[in-house]
Amino acid sequence: MSLIQKHGQNMDGRDFIVGDIHGQYDLLLESMARVDFDKSKDRLFCVGDLIDRGIDSFECLSLAFEPWFFGVRGNHEMLAIDALEYGGDAEYLWMINGGTWAITENMIEVRQILREALKYLPYARQIDVLGQQVGIVHAEPPADWSQVEMADDAGKVEMVWGRTRIKRRDTTPVVGIDAVVVGHTIVEQPTWLGNVFYIDTGAFNTGRLTLINAREVLA
């Protein structure tokens, strides 16, 4: 699977981007209802972490198969697949980071669904919004957006785990892209650093799930 999936302009409906869902299925549906989301023509892009910490993680994982939903893989999807494939320390790490929802599910089924879902969750997405390009990764984009397509293992880890930019409050723009939307690090309110927009407002803890029209990113 390619590390990035590119999407042309939505000529029929609107594009929305949502922060880390973390098993908050009902909250997601409420957020979609508020914008009158139309599944027949609108598209919903997600910055990853569909699962963990929320009780409806299984339902949220299944979003990956919906024709109107386009996510990227987050660190919690990677924690989960490592745990389900290798067990041991990886399983312990997953459990203490919100994976306990899976205990009440059929673990074999969860592993099968997760394996399949990851086929629909690349490391990055790129959307044409009114002729401009908006990128999406879970955590940390490379300094040059073109590096996404050729990222090595270290580059992949940065895209799902990195926090260097936000820790340093680095406002250096990512080149080769108009804007990048990310999650991973919880912010009090959606925050710009250069042309990188952080939208994880901690839905599992705060009850605030950020869902924005992609055009707002370019406003």
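I call a residue exposed when its relative accessible area is over 50%, buried when under 20%, and partly exposed in between. I note at the start that this model is predicted.

**Entry 1: Ile96**

I looked up Ile96 first. Ile96 has a relative accessible area of 52%, so I log this residue as exposed. I place Ile96 in helix 4, which covers residues 88-96. I then checked what Ile96 groups with on the surface. I find a nonpolar patch made of Ile96, Tyr92 and Leu93. Together the three have about 330 Å² of accessible area.

**Entry 2: cysteines**

How many disulfides are there? I count zero. For Cys46, the nearest cysteine sulfur belongs to Cys60 and is 8.8 Å away. A disulfide needs two cysteine sulfur atoms within 2.5 Å, so I leave Cys46 unpaired. I get a matching entry for Cys60, which is in no disulfide and has the sulfur of Cys46 as its nearest, at 8.8 Å.

Are these two cysteines buried or exposed? Cys46 is at 0% relative accessibility, so I log Cys46 as buried. Cys60 is also at 0%, so Cys60 goes down as buried too.

**Entry 3: negative patch**

I turned to charge next. Which residues form the negative surface patch? I list Asp26, Glu30, Glu59, Glu105 and Glu109. I picked Glu30 from this patch for a check. Glu30 sits in helix 1, residues 25-34. Its relative accessible area is 44%, so I enter Glu30 as partly exposed.

Terms used
Residues are numbered from 1 along each chain as its sequence is written. This is a predicted model: local features need pLDDT of at least 70, side-chain atom pairs count only at pLDDT 80 or more; totals for chains, interfaces and linings use all residues. Side-chain values use heavy atoms; hydrogens and water are left out. Patches are made of residues with over 30% relative accessible area and no salt bridge: like charges are joined within 9 Å, nonpolar side chains (Val, Leu, Ile, Met, Phe, Trp, Tyr) within 5 Å. Accessible areas come from the Shrake-Rupley method with a 1.4 Å probe; for residues, only the protein chains shown count as cover. A salt bridge is a side-chain nitrogen of Lys or Arg within 4 Å of a carboxyl oxygen of Asp or Glu. Helices (H or I, at least four residues) and strands (E, at least two) are DSSP runs, numbered from the N terminus. Buried means under 20% relative accessible area, exposed over 50%, partly exposed in between (1.4 Å probe, protein chains only). Lys and Arg count as positive and Asp and Glu as negative; His and the chain ends are not counted. The place of a charge is taken as NZ of Lys, CZ of Arg, CG of Asp or CD of Glu.
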